[in-house]
Amino acid sequence: MSQQAGYSPSFKRPAEIMRMRRKRARSDAGVFSSPSGQSSTSSPAQSDSTQVRPFSPGPLFNNQNRSGGGGKKRRNPFASIENTYSPKKKLLIYNDDGQAEAGDSYNTEKTTEKEGEEDMSAKKESQGVLPFSARLIEAEKQERQGISSKRSLTFSEDDSLFEEEEEDVKSPLLKSPRAIAPVSIAPPICTEYPADWSLKTRLLFTSPLSLSWAEQPKAQEEALGLSQHCRAQFGTLPLNLQDPRSCSELRCAFQRSLVYWQHPSLPWISLFPRINAERSFAGKSTPWAQDTTLQQSLMSEWSVSLSSLYSLLKARLCPYFYVCSYQFTVLFKAAGLGSNSIVALISPTTRGLRVAMKAEGIEFSLPLVEERRKSREQQNPIGKQGEEEEEEEEKEEGCSELKEGEDCQAGDDEDFSWLKEMGVQDKIKKPDSITIQLRKEAHAVSMDHKPESVVCVEGSHTFTLINFLINCKSLVAAAGSQAGLPPTLLAPIAFRGATMHTLKARSVNVKSQVGSTYQNIGSLEVAGPILPSSLHDITNLLRTAQKGNFSASLYSHTPTTVMNIHNNKDQQQCTGGSVDLSACGLHPASIQQLQKPSSLGKTALTHITMTNSSYTWKN
């Protein structure tokens, strides 16, 4: 058969030509054998080979050979005209001229017994048909039987081919691991750093962008920032901040984050830090040092301020506050910040302070000592050696709990009673009671002024601790540059007798060497007693202003670095969000951070880096 003009050889030639001709032959045979006697020649348009048969989806057929079984399926009329050329599915088709040409075997493979029965019925009805049509039908039948015997393909196999094509379309393409680019695996984003309860003395921020917007605020911006702090108002910053210097909301929020409250307040003396602060007091005027009346007045006002702070803390109107004396620092935390009850941490402590607290009926625990004891018990199973160590520890603890001035003479007589039995008690010099007591208390005294000496007081005993601090004479130095000066109280919210202070911020643009070139880097220094909530507020503002890229160096007050510890019992009992702290005056994001137990242990943060709005830190 000659190829027609405009016919694409890549297009699959329809295999239904054979079926169409067969149907046409049947229709002709039906016309000749009809009783009406009408000839097919009366309607030449019906027998014309160029007639286009109307579309029909084909008859329904049973899937007798399908393994799935169940139901009837309509044959796809488009399966034979897709451009899925396969050289294996070829057969010979006889034209009306008697010539043979190549054709597809798609429909040939789909022939069933029902179609064969139709051929037999058509053959019986076409006894009066022209000889050529009968010969064509017979040749088609023989050829179909020969091909089916050679290839032994069933209908179920051929029909499954069409179903597999549908499944291939639905199933997604699987990519090899090499096809996945390493850049597509994004690192996890950390949007928060752990809470740090240590007091900071200095912060140094650096960023590729300028930080000059943080200094020299306008008078109106400073006033609005102070007003927002006093009223606990927190505005929202623009999402796309292009120029921080022109954003009044940002500068007001920065001024609000620098505010803290302090008592007492002396303009000519810095009252933080108080431990090892003799240099800051040297050469300064201290009129209260020799005036007893002035000292009593200062202490009376301080007692009122401390009582006011504890009342606010108990009512959950103040989240936390610090008591900074010349010997130790006390942190009071409200219920809901890591524990379901009020918690007080004292660091560092001495044996004398612990004995005095126990004498006042204050129950406390030593978290780091208990943690070390538990780890020792887990590592070493309890045996004979372990029992001996426990007995020694019990003796040391028992002796450390003795009140000041209590005598250990009874124990001394028992220890040296064997000398009397031998009759040599006069020849051997017996150590005095002071030496024996110091030897027994060596373990308790050895951890004084160390991180292990941190004390934890919980619940109602914190109220007893407040009374103890008010009435404790050793709380105020009796001599030296700090003599007669009460401890410093620091809080993030206002309280009775408090003075508003702001942290000092200073911005400088410097050049840093990056490789062989120098790059402009903005720096911001913040100095003063930096509270945990102030640190969180400042970092949140820098995240927006510096487009999520900055770093910070943190300088902690050493005695407060261990205040990130927590009891495991408190962590298990505390339920997040069970205590409402929305009225405490802090930003909701800061409250949410401080409510989570800190994971820093007895360490503090030393460095924070934000890259692409993701935090990393060092402690």
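## Salt bridges, cysteines and one helix

Glu452 is partly exposed, with a relative accessible area of 23%, and in this predicted model its side chain forms a salt bridge with Lys602, where the closest N and O atoms are 3.9 Å apart. The pair links distant parts of the chain, since Glu452 sits in the loop between helix H17 (442-446) and strand S10 (455-458), while Lys602 sits in the loop between helix H21 (588-595) and strand S16 (607-611), 150 residues apart. Lys602 also counts as partly exposed, at 44% relative accessibility.

How many salt bridges does the structure hold? There are six, and three of them, including the one just described, are set out below with the separation of the N and O atoms.

| Acidic residue | Basic residue | N to O distance |
|---|---|---|
| Glu525 | Arg202 | 2.7 Å |
| Glu221 | Arg251 | 2.7 Å |
| Glu452 | Lys602 | 3.9 Å |

In the salt bridge between Glu525 and Arg202, Glu525 belongs to strand S14 (residues 517-530) and Arg202 to strand S5 (residues 200-207), so this contact ties together parts that are 323 residues apart in sequence. Arg202 is partly exposed, with a relative accessibility of 28%.

The salt bridge between Glu221 and Arg251 connects two helices, because Glu221 lies in H7 (residues 219-231) and Arg251 in H8 (residues 248-257), and the pair therefore ties together parts that are 30 residues apart in sequence. Are these two residues, Glu221 and Arg251, buried or exposed? Both of them are buried.

The cysteines give another part of the picture. A disulfide is a covalent bond between the sulfur atoms of two cysteines, and the cut-off applied here is a sulfur separation within 2.5 Å. By this rule the count of disulfides in the model is zero. Why does Cys252 form no such bond? The closest cysteine sulfur, in Cys247, is 8.7 Å from the sulfur of Cys252, which is too far for a bond. For Cys584, the closest cysteine sulfur belongs to Cys318 and lies 8.1 Å away, again too far for a bond. Cys252 is buried at 2% relative accessibility, and Cys584 is buried as well, with a relative accessible area of 1%.

Finally, helix H11 covers residues 351-359, and its buried residues include Arg351, Leu353, Arg354, Val355 and Met357. In an α-helix there are 3.6 residues a turn, so residues three or four places apart point the same way. Just after H11 comes Gly361, which takes a positive phi of about 85 degrees.

Conventions
Residues are numbered from 1 along each chain as its sequence is written. This is a predicted model: local features need pLDDT of at least 70, side-chain atom pairs count only at pLDDT 80 or more; totals for chains, interfaces and linings use all residues. Side-chain values use heavy atoms; hydrogens and water are left out. Buried means under 20% relative accessible area, exposed over 50%, partly exposed in between (1.4 Å probe, protein chains only). Helices (H or I, at least four residues) and strands (E, at least two) are DSSP runs, numbered from the N terminus. A salt bridge is a side-chain nitrogen of Lys or Arg within 4 Å of a carboxyl oxygen of Asp or Glu.
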